[in-house]
Amino acid sequence: MAETADLAIIGGGAAGLGAAQYGARANLDTLVIEEMAHGGQALLIEKLENYPGLPQVVDGYSWAETMRAQAEAFGARFVSTSVSSIRKDGQRFVISTGDGDITAKAVIVATGAKHRQLGTHGEAEFCGRGVSYCATCDGPFFKGKRMVVVGGGDSACDEAMFLSKLADSIVMVHRKDRFRAQKAIADRVLKNPRIQVLWDSVVESIQGAKTVEKVLIKNLKTGAIREEAAAAVFVFVGSDPQTAILPEGIAKDESGSVITNDRMETNMPGLFAAGDVRATPFRQVITAVSDGAVAAHCAAQYIDELEGQAYR
Ligand code: NAP
């Protein structure tokens with residue numbers, strides 16, 4: 001595949017889909033490169049209830065399908081392949097993929113973030129045999145069973161609520177004495193009689209024979225260890241930005257997120273970042289889409305500048 005485009009967008013999640021619409025509407029030949037299904041982390045959303053203008057709740061998959069169809073209607077193109085690196089060759093970017101190089105005048109990196117692991121004893125051993133990072137994918141396997149959910153952010157609280165409809169009961173383990181999650185989301189968990197929260201606590205080890213059978217939980221204040229029988233452990237302790245494909249020298253913050261200005265520009269002219277991969281105070285579907293729109297708009301201006309077509 002020797003593709004070329006005005007604007008290449010790497011990642012087909014919320015940020016990439018937002019950028020695709022705005023890139024195509026700016027009359028750029030816009031190519032979205034996604035290695036898996038488009039939709040990114042939005043695909044895991046059971047009910048997308050906080051996206052403005054959608055009072056009738058939709059699931060993340062349907063929302064992503066609509067976004068893609070809308071972007072395609074404006075002229076955006078989608079290819080499915082895996083990107084290994086991005087480099088700049090003169091004024092053009094060269095994106096290496098499993099199917100050959102793609103060249104573009106500007107690039108928006110919208111590669112998102114990948115779930116973090118706890119690093120606790122038994123986590124790797126029981127991954128796929130009771131330890132999971134995706135409630136919608138794996139929750140139904142443990143219907144009617146007792147489950148442990150780890151974390152205190154929006155993901156942990158949202159997913160605990162989802163799992164509470166399947167589980168016999170849920171033990172939620174959080175290392176602090178209150179949730180990090182938005183208040184409205186946290187309150188639902190606190191009011192849910194099927195969820196017991198263990199504050200100031202961490203998972204010490206996950207144990208079982210062939211599959212998860214019990215979890216040892218340590219209270220950080222007292223040092224006491226308690227044993228909880230459980231068939232599954234769902235881990236939602238945040239995520240790490242996906243930046244391995246970026247060229248060397250791209251500025252990042254201490255968490256590894258790409259630093260941009262408010263035009264979504266990185267420190268390399270023509271290279272933009274949008275969504276969860278960039279340093280941002282609030283990670284939502286709406287903010288990712290917005291990042292994508294800003295990045296595409298500014299990428300169009302960058303290309304105009306490059307070609308001596310800038311409006312003055
Ligand atoms: P997050 O906000 O970074 O929260 C991660 C949680 O895991 C924190 O409570 C953190 O504890 C805990 N944690 C981190 N490392 C840990 C470890 N090694 N052991 C035990 N606990 C650990 O991540 P997130 O919940 O995945 O959310 C990511 C972003 O997506 C956020 O911006 C969030 O707002 C957004 N999001 C929004 C929604 C929604 O609006 N419905 C849903 C999901 C996600 P501390 O609090 O002590 O740091």
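How far is an oxygen atom of the ligand from an N or O atom in the side chain of serine 155? The distance is 2.7 Å. This is a predicted model.

**Ligand site**

Around the ligand stand 18 residues. Asp154, Ser155, Lys176, Arg180 and Arg283 are the closest. Helix α4 (residues 154-164) supplies the largest share of this shell, three residues. Three polar pairs are listed here.

| Ligand atom | Protein partner | Distance |
|---|---|---|
| oxygen | glycine 153, polar backbone atom | 3.4 Å |
| oxygen | serine 155, side-chain N or O atom | 2.7 Å |
| nitrogen | aspartate 158, side-chain N or O atom | 2.9 Å |

On its own, the ligand has 920 Å² of accessible area, and the protein covers 77% of it.

**Nonpolar cores**

In soluble globular proteins, nonpolar side chains tend to be buried together. Here the largest nonpolar core holds 35 residues. Leu7, Trp63, Ile108 and Phe272 make the most contacts inside it. Elements giving two or more residues to this core are β1 (3-10), α1 (14-25), α2 (60-73), β6 (100-109) and α6. The top contributor is α6, with 10 residues.

Which residues does tryptophan 63 contact, leaving aside neighbours within four places in sequence? They are Ala14, Ala42, Leu48, Tyr51, Leu54, Val58, Val285 and Val289. A second, separate core has 24 residues, including Val149, Ala160, Leu166 and Ala186.

**Helix α6**

Helix α6 covers residues 285-306, 22 residues in total. At 1.5 Å a residue, the helix should span 32 Å. Its end C-alpha atoms are 31 Å apart, so the model agrees with that expectation. After α6 comes glycine 308, with a positive phi near 70°.

Conventions:
Residues numbered from 1 in each chain as written. Predicted model: local features only at pLDDT ≥ 70, side-chain atom pairs only at ≥ 80, totals over all residues. Heavy atoms only, no water. Helix = DSSP H or I, 4+ residues; strand = E, 2+ residues; numbered from the N terminus. Expected span 1.5 Å × (residues − 1). Core = buried A, V, L, I, M, F, W, Y, C linked by side-chain atoms within 4.5 Å. Buried < 20%, exposed > 50% of the residue type's maximum accessible area, 1.4 Å probe, protein only. Contact = heavy atoms within 4.5 Å. Near = heavy atom within 4 Å. Polar contact = N/O pair within 3.5 Å; in protein donor to acceptor, adjacent residues only side chain to side chain. Areas by Shrake-Rupley, 256 points an atom, 1.4 Å probe, with all protein chains shown as cover.
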